[in-house]
Amino acid sequence: MARAVDVALIVLLIVQSVLTVLTWMVNPIIVTQQTLAAGYIASSLIILSIAAYVYYKGEDYDQEWIALGIGMIVLILLLTYLKGGVV
């Protein structure tokens with residue numbers, strides 16, 4: 001049985017790959033799509049730092065920091081969606 005944090009990291013990496021594809025699809029000239037790209041890139045960087053934190057700490061990681069990072073990703077994506085709209 002996989003640990004819950006491994007499953008969460010796999011889901012976060014899938015989300016990061018989807019965000020990368022969406023970032024490549026936006027038009028950087030339009031201001032609303034610049035907002036979308038900024039939100040997608042910020043979320044991808046947070047996902048990268050969560051993954052690096054978990055694998056750096058090994059078994060001694062704090063679940064609170066992972067939950068805080070996931071909450072920040074959701075907040076950034078919600079604010080980006082509300083400000084920039086759908087691609």
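**Exercise 1. Find the helix that holds Leu82, and decide whether this residue is buried or exposed.**

Solution. Begin with the position: in this predicted model, Leu82 lies in helix α3. Next, take its relative accessibility, which is 67%, and set it beside the cut-off for exposed residues, which is over 50%. Leu82 therefore counts as exposed. As a last step, look at the surface around it: Leu82 belongs to a nonpolar surface patch of about 770 Å², and the other residues that make this patch are Trp65, Leu68, Met72, Leu75, Leu79 and Tyr81.

**Exercise 2. Describe the overall build of the protein: how many helices and strands does it have, and what is their pattern along the sequence?**

Solution. Counting the elements gives three helices and zero strands, and reading along the sequence gives the pattern α-α-α. For the overall dimensions, the C-alpha trace spans about 45 × 20 × 20 Å along its principal axes. Turning to the contacts between residues at least 6 apart in sequence, 69% of them join residues at least 24 apart. Finally, consider the surface and the interior: the protein exposes about 6000 Å², of which carbon and sulfur atoms supply 73%, while buried residues make up 29% of the 87 residues.

**Exercise 3. Compare the reach of helix α2 with the span expected for it, and state which residue follows the helix.**

Solution. Helix α2 covers residues 31-57, that is, 27 residues. From its first C-alpha to its last it reaches 39 Å, which is close to the 39 Å expected at 1.5 Å a residue. After the helix comes Gly58, whose phi is positive, near 70°.

**Exercise 4. Two neighbours in sequence, Ala37 and Ala38, are to be classed by accessibility: which class does each belong to?**

Solution. Both residues have to be placed in a helix, and that helix is α2 for Ala37 and α2 for Ala38. Ala37 has a relative accessibility of 15%, so it counts as buried, the cut-off being under 20%. Ala38, with a relative accessible area of 47%, is partly exposed. Now examine what surrounds them. Leaving aside neighbours within four places in sequence, Ala37 is in contact with Thr23 and Val26. Between the C-alpha atoms of Ala38 and Thr80 there are 8.2 Å in space, although these residues are 42 apart in sequence. Ala37 and Lys57, by contrast, are 20 residues apart in sequence and 30 Å apart in space, C-alpha to C-alpha.

**Exercise 5. Work out which helices supply the largest nonpolar core, and which residues have the most contacts inside it.**

Solution. The largest nonpolar core has 17 residues, and those with the most contacts inside it are Leu9, Leu12, Ile50, Ile66 and Ile73. Helices α1 (4-25), α2 and α3 (63-84) each supply at least two residues of this core, and the largest share, eight residues, comes from α2. As a general background, nonpolar side chains in soluble globular proteins tend to be buried together. To follow one core residue outward, take Ile73: beyond its neighbours within four places in sequence, it is in contact with Leu12, Ser43, Ile46, Ile47 and Ile50.

**Exercise 6. Is Gln16 buried or exposed, and which residues is it in contact with?**

Solution. Gln16 has its place in helix α1. Its relative accessible area is 18%, so Gln16 is buried. Leaving aside neighbours within four places in sequence, Gln16 is in contact with Ser44, Ile47 and Leu48. Two of these partners, Ser44 and Ile47, are listed among the buried residues of α2.

How values were computed
Residues numbered from 1 in each chain as written. Predicted model: local features only at pLDDT ≥ 70, side-chain atom pairs only at ≥ 80, totals over all residues. Heavy atoms only, no water. Helix = DSSP H or I, 4+ residues; strand = E, 2+ residues; numbered from the N terminus. Buried < 20%, exposed > 50% of the residue type's maximum accessible area, 1.4 Å probe, protein only. Contact = heavy atoms within 4.5 Å. Areas by Shrake-Rupley, 256 points an atom, 1.4 Å probe, with all protein chains shown as cover. Expected span 1.5 Å × (residues − 1). Core = buried A, V, L, I, M, F, W, Y, C linked by side-chain atoms within 4.5 Å. Patch = residues over 30% accessible without salt bridge, like charges linked within 9 Å, V, L, I, M, F, W, Y side chains within 5 Å. Salt bridge = Lys/Arg side-chain N within 4 Å of Asp/Glu carboxyl O.
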